[in-house]
2 protein chains.
Amino acid sequence: MKYYLGIDIGGTNLAVGLVDEHGRILHSDSMPARVPRPAEELCHDTALVCRKVLADYGITMEQVAAIGAGCPGLIHDGYVVAATNLVLRNAPVAALLEQELDRSVTLCNDADAAAYGEFTVSWDQKPDPFVAITLGTGVGGSIIIDGKIRAGFNGSGGEIGHTVIRAGGRKCPCGRTGCFERYCSGSSLERDTRAAMARNKESLMWELAGSAKNATAKTLFRAVEQGDPAAQRVLDYYVENLAVGVQNLIKLLQPEVLCIGGGVSYAGDALLRPLTEKLNGMVRRRNTLPVTMVTLARLKGEAGIIGAAMWGRRQQEGV
Amino acid sequence: MKYYLGIDIGGTNLAVGLVDEHGRILHSDSMPARVPRPAEELCHDTALVCRKVLADYGITMEQVAAIGAGCPGLIHDGYVVAATNLVLRNAPVAALLEQELDRSVTLCNDADAAAYGEFTVSWDQKPDPFVAITLGTGVGGSIIIDGKIRAGFNGSGGEIGHTVIRAGGRKCPCGRTGCFERYCSGSSLERDTRAAMARNKESLMWELAGSAKNATAKTLFRAVEQGDPAAQRVLDYYVENLAVGVQNLIKLLQPEVLCIGGGVSYAGDALLRPLTEKLNGMVRRRNTLPVTMVTLARLKGEAGIIGAAMWGRRQQEGV
């Protein structure tokens, strides 16, 4: 049995998993990311989680064959060049982790890690192109053509979250307006849910969540299930925007499979059904060409950890 | 010397060029497309232009080594599956042209043809990725990665003109709202120019064009050059939207070169300068990564003809 460590540094959590050679998670743990704070602290805490995972599973660092880590934002040559959600710039995250762990660490974009995990573990017949989007703290994206991650000439492509779908719309910390992730990230959905609660004191969401502060995407989907009109309106707007972003990717890349992962995707059919309806209703004229299969990620929250581990394996062992 | 025929079936003109093995146009001609009309008539007239080009240059059809044709819209297996701008659906255009010309004809998307022409003729060091957009009757797009056109699993990708940048905005015949080409095609620019003239009776554009009907993109750029405020506002809005679409492509694909062709691009620096300023001002935080080179097509209107000819050559001769 070979062991790999997969690290997922997110805007919300620092998660680490011990992964076997088949991409199965043997044991994992996490702690809150508590950003913004210096990269040194983030990496120090991440290393603590790594060591805890190994200790709890009962193996040593020497038994780990390779380590990979995924981070949101622009990643290049082991650096987090810019990551809005981590509030980091030009941070040598790979080197900091290597110093903490005394081992080589391969750093990649978290959405690329998740996509690579999904692509390597969930699909026997590799779809081509394979496009993955992640609806988490932000919205990440990844493009795999001919089995390779295609992140452009500087490695920072696939930033679907910062493509604009509503120019002049909601302001984004990236400096533009109307970015896809301002409408379709998990954070945006949560914010819209809370705003809808503030506007609708009679909404079932109050009863389900207790307070606006406790409301999450789960609150919204449960309220929709129980027929709450205010929740339904939030979901309708969310799905409308998601369909725009997904359809943009389809128009541009015509992937064989477009895979949706991240926290919001855990809603399952409650998300996929209205999205599929919206996508089908969106294109007025049908043609005879085969259409993209839009599906939900199978690995759930583990895709980032598994993908980071498998990517680290590929880069460090060439497998 | 080897001869190739390149055909460019556009929403405005049917253009044909005789091209040599270096991608140089030896002679060309065109006639108005006069759409909508049946595919049979379009192909019949296209064949007339082909024969006129050969006769005027003084060679016979037997001396032509290969023939390629580019069409707007979804092209698959020799069919125009759907082309909004030509008002065609499931039209066997390759077969119709072959019948008229008694020769093999390779059919491809016109934007792909133009991009392939630009890519093969204008660049010694092949940029990777290379992305091209065409600002013509519509807005076409093409993605070349590893030297191959990447149009997705069904061949219909690269439809940048029908990605949405202003959801809920201008209606598009494709059935959606806010499509990129509703703001940035040559036709849209012309329509916006005429609308601005109607609103601004004192505009210099009246003097330059004589009437609203005669106003073109050229009228607009000449008026801007002479300081006309109404024209400047139209251009500002055009460039703002163009920058959004271009930046979306950069965020997603990070091409080494993004090349802008089509009628509007003939404005040259009058377009490229404000676009570059807008793109530079768009991203709030600078990072240390190399940035996409945004440039204008060098082949002008000939890219579609040359690319179609070179693509026909590659498909029919394997060169």
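Author: A salt bridge here is a side-chain nitrogen of Lys or Arg within 4 Å of a carboxyl oxygen of Asp or Glu. Keep in mind as we go that this is a predicted model.

Reader: OK, how many salt bridges are there between chain A and chain B?

Author: Take the pairs one at a time. A:Asp146 pairs with B:Arg150, with the closest N and O atoms 3.3 Å apart. Going the other way, A:Arg150 and B:Asp146 meet with their side chains, also at 3.3 Å from N to O. The count between chain A and chain B is two salt bridges.

Reader: Where do the two ends of the A:Arg150 and B:Asp146 pair sit?

Author: This pair crosses between chains. A:Arg150 is in the loop between strand E11 (148-149) and helix H4 (181-184) of chain A. Its partner B:Asp146 sits in the chain B loop between strand E10 (139-145) and strand E11 (148-149).

Reader: Is A:Arg150 buried or exposed?

Author: The cut-off for buried is under 20% relative accessible area. A:Arg150 has 12%, so this residue counts as buried. For its partner B:Asp146 the figure is 41%, which means partly exposed. The label for A:Arg150, then, is buried.

Reader: Which residues are joined into one network by salt bridges that share partners?

Author: Look at the partners of the two crossing pairs. One is A:Asp146 with B:Arg150, and the other is A:Arg150 with B:Asp146. Salt bridges that share partners make one network of A:Asp146, A:Arg150, B:Asp146 and B:Arg150.

Reader: How much area is buried between chain A and chain B?

Author: The size of an interface is often given as the accessible area lost when the parts come together. In this model, the contact takes 54 residues from chain A and 54 residues from chain B. Carbon and sulfur atoms give 59% of the buried area, and the total is about 4400 Å².

Reader: Which three residues supply more than any other three of the area that chain A buries against chain B?

Author: Think of this as a share of what chain A buries against chain B. The leading trio supplies 17% of that area. Its members are A:Phe153, A:Arg176 and A:Leu252.

Reader: Which element gives the most to the side of chain A that touches chain B?

Author: By class, that side has 24 nonpolar, 17 polar and 13 charged residues, and there are 28 residue pairs in polar contact between the chains (both at pLDDT 80 or more). Strand E5 (74-76), strand E7 (88-91), strand E10 (139-145) and helix H8 (229-253) each supply at least two residues. With eight residues, the one that gives the most is H8(A).

Reader: Turning to chain A by itself, what is its radius of gyration?

Author: Chain A has ten helices and 13 strands, and its C-alpha atoms fill a box of roughly 55 × 50 × 35 Å along the principal axes. Of its 319 residues, 57% count as buried. A compact globule with 319 residues would have a radius near 20 Å, and chain A agrees, having 20 Å.

Reader: Which residue does A:Arg170 form a salt bridge with?

Author: A:Arg170 lies in the loop between E11 and H4, and its partner is in helix H5 (residues 186-199), 22 residues apart. A:Arg170 is partly exposed at 29% relative accessibility. The partner is buried, at 17%. With the closest N and O atoms 3.2 Å apart, that partner is A:Asp192.

Reader: How far apart are the closest N and O atoms in the salt bridge of A:Glu190 with A:Arg194?

Author: Both residues lie in helix H5 of chain A, four residues apart, about one turn of the helix. A:Glu190 is partly exposed at 25% relative accessibility, and A:Arg194 is partly exposed at 29%. Their closest N and O atoms are apart by 3.1 Å.

Reader: Which residue does a cis peptide bond join to A:Val35?

Author: Look in the loop between strand E3 (25-32) and helix H1 (39-57) of chain A. Omega of the bond is about 0 degrees. The residue joined to A:Val35 is A:Pro36.

Reader: What is phi of A:Gln254 near?

Author: A:Gln254 is found in the loop between H8 and strand E12 (257-261) of chain A. At 9% relative accessibility, this residue counts as buried. Phi is positive here in a residue other than glycine, near 40 degrees.

How values were computed: Residues numbered from 1 in each chain as written. Chains lettered and ligands numbered in written order. Predicted model: local features only at pLDDT ≥ 70, side-chain atom pairs only at ≥ 80, totals over all residues. Heavy atoms only, no water. Contact = heavy atoms within 4.5 Å. Buried area = accessible area lost by both parts, 1.4 Å probe. Polar contact = N/O pair within 3.5 Å; in protein donor to acceptor, adjacent residues only side chain to side chain. Nonpolar A, V, L, I, M, F, W, Y, C, P; charged D, E, K, R; others polar. Rg over C-alpha atoms; globule rule 2.2 N^0.38 Å. Buried < 20%, exposed > 50% of the residue type's maximum accessible area, 1.4 Å probe, protein only.
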